[in-house]
Amino acid sequence: RVQGIGISTGGRVNAREGILLEATTLISGWNDIDVRGMLADLDLPVWIDNDGNCAALAEQRFGKAKGVDNCITIIIGTGIGGGLLVNGEVHYGVNYCAAELGHMAVSIDGPLCSCGQRGCVEAFASGFALDREARRLHEAGELNSNLDSGVLPTAVHLAAAANCGNKKAKEFIQQGARALGLAVVNMLHMLNPKVIVLCGHMAPVYQPIIEE
């Protein structure tokens, strides 16, 4: 028997009222949508929250931060997001914008981020950033990756090139790791969590470097 409906989504979410306030570009146009209200006819409880907050709760209940009430989860994927738990509760902030960890500035004059700010950790270390560098190296003939015609180089190809000894690919990934490490240190000083969890499909690229 179905007990309820849980929805994890990118964007800014009023989890208390079940409203998607501002969607990501992947679902553009879904702004100020009463998702809970849309599903009211199903006569089931409905929960909706930002995917970073959901990941933080999952790690706290079932994962690497199990049983830890004060922790941060950083999701490294196409972009960089996360969630913050304080005394066992998700910290949302005044406008449900807390824990936008990818937009923590780690450089005054760093690369331009999708948010319009320069030097965000996301501009250094996200899948988007690695995709961009993979394309740049490929166009310069420096990626050394045997791609079929018409195949666009991605972060996966950049990581593979780095693992095979490509100096420029390795240096870019190390730069991303340094940006992530700086962001983690800032979080430690500001928030004093017991645990910081790195997750997401790009995390394995950085985790060994950061742990060194």
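In this account, helices and strands are runs assigned by DSSP and numbered from the N terminus, a helix having at least four residues and a strand at least two. With these terms, Ala 99 can be placed in the loop between β8 and α3. The structure shown is a predicted model, and every value below is computed from it.

The protein as a whole comes first. It contains seven helices and nine strands. Its radius of gyration is 19 Å, close to the 17 Å that the globule rule gives for 212 residues, and therefore the protein is as compact as a globular protein of that length. Along the principal axes, its C-alpha atoms fill a box of roughly 55 × 40 × 35 Å. Of the 212 residues, 41% are buried. The exposed surface of the protein amounts to about 12,000 Å², and carbon and sulfur atoms supply 52% of this area. Contacts across the chain may also be considered: among those between residues at least 6 apart in sequence, 51% join residues at least 24 apart.

Helix α6 offers a clear example of a regular element. It runs through residues 167-191, and its 25 residues should span 36 Å at 1.5 Å a residue; because its end C-alpha atoms are 36 Å apart, the model agrees with this expectation. The N-terminal end of α6 is capped by Asn 166, which has a side-chain oxygen 3.1 Å from the backbone nitrogen of Lys 168. Just after α6, Asn 192 takes a positive phi of about 55 degrees. Within the helix, several residues are buried, among them Ala 169, Ile 173, Leu 180, Val 184 and Met 187.

Phe 172 also belongs to helix α6. Its relative accessible area is 12%, and therefore Phe 172 is buried. Setting aside residues up to four places away in sequence, Phe 172 touches Phe 124, Ala 129, Leu 130, Arg 132, Glu 133 and Leu 158. Gln 60, by contrast, is 112 residues from Phe 172 along the chain, and the C-alpha atoms of the two are separated by 32 Å.

Two strands provide further buried positions. Thr 73 is in strand β6, residues 71-76. Thr 73 counts as buried because its relative accessibility is 0%. Not counting residues up to four places away in sequence, Thr 73 touches Ala 55, Ala 56, Glu 59, Gly 81, Gly 82, Gly 83, Leu 101, Val 197 and Cys 199. Asn 50 has its place in strand β5, residues 46-50. With a relative accessibility of 12%, Asn 50 too counts as buried. A polar atom of its side chain lies 2.7 Å from the backbone oxygen of Gly 11. Beyond its neighbours within four places in sequence, Asn 50 is in contact with Thr 9, Gly 10, Gly 11, Val 13 and Gly 82.

The loops show other features. Most residues other than glycine have a negative phi. Ala 99, however, has a positive phi, near 65 degrees. Ala 99 is buried, since its relative accessible area is 14%. Asp 32 likewise has a positive phi, of about 55 degrees, although it is not a glycine. The loop that holds Asp 32 lies between β3 (19-22) and β4 (33-34). Asp 32 counts as exposed because its relative accessibility is 59%. Asn 95 is found in the loop between β8 (89-90) and α3 (121-125). At 49% relative accessibility, Asn 95 counts as partly exposed, because that class extends from 20% to 50%. Asn 95 and Asn 14 are 81 residues apart along the chain, while their C-alpha atoms are separated by 8.3 Å.

The cysteines remain to be considered. A disulfide is a covalent bond between the sulfur atoms of two cysteines. Here the criterion is that the two sulfur atoms lie within 2.5 Å, and by this rule the count comes to zero disulfides. Why does Cys 113 form no such bond with Cys 115? The sulfur of Cys 115 is the closest cysteine sulfur to that of Cys 113, but the distance of 3.8 Å is too far for a bond. Cys 113 is buried, at 6% relative accessibility. For Cys 199, the closest cysteine sulfur is in Cys 71, and at 11 Å it is too far for a bond. Cys 199 is also buried, with a relative accessible area of 16%.

Note on methods
Residues are numbered from 1 along each chain as its sequence is written. This is a predicted model: local features need pLDDT of at least 70, side-chain atom pairs count only at pLDDT 80 or more; totals for chains, interfaces and linings use all residues. Side-chain values use heavy atoms; hydrogens and water are left out. Buried means under 20% relative accessible area, exposed over 50%, partly exposed in between (1.4 Å probe, protein chains only). A polar contact is a pair of N or O atoms within 3.5 Å; within protein, one must be able to donate a hydrogen and the other to accept it, and residues adjacent in sequence count only if both atoms are side-chain atoms. Contact means heavy atoms within 4.5 Å. The expected span of a helix is 1.5 Å times one less than its number of residues. The radius of gyration is taken over C-alpha atoms; the globule rule is 2.2 Å times the number of residues to the power 0.38. Accessible areas come from the Shrake-Rupley method with a 1.4 Å probe; for residues, only the protein chains shown count as cover.
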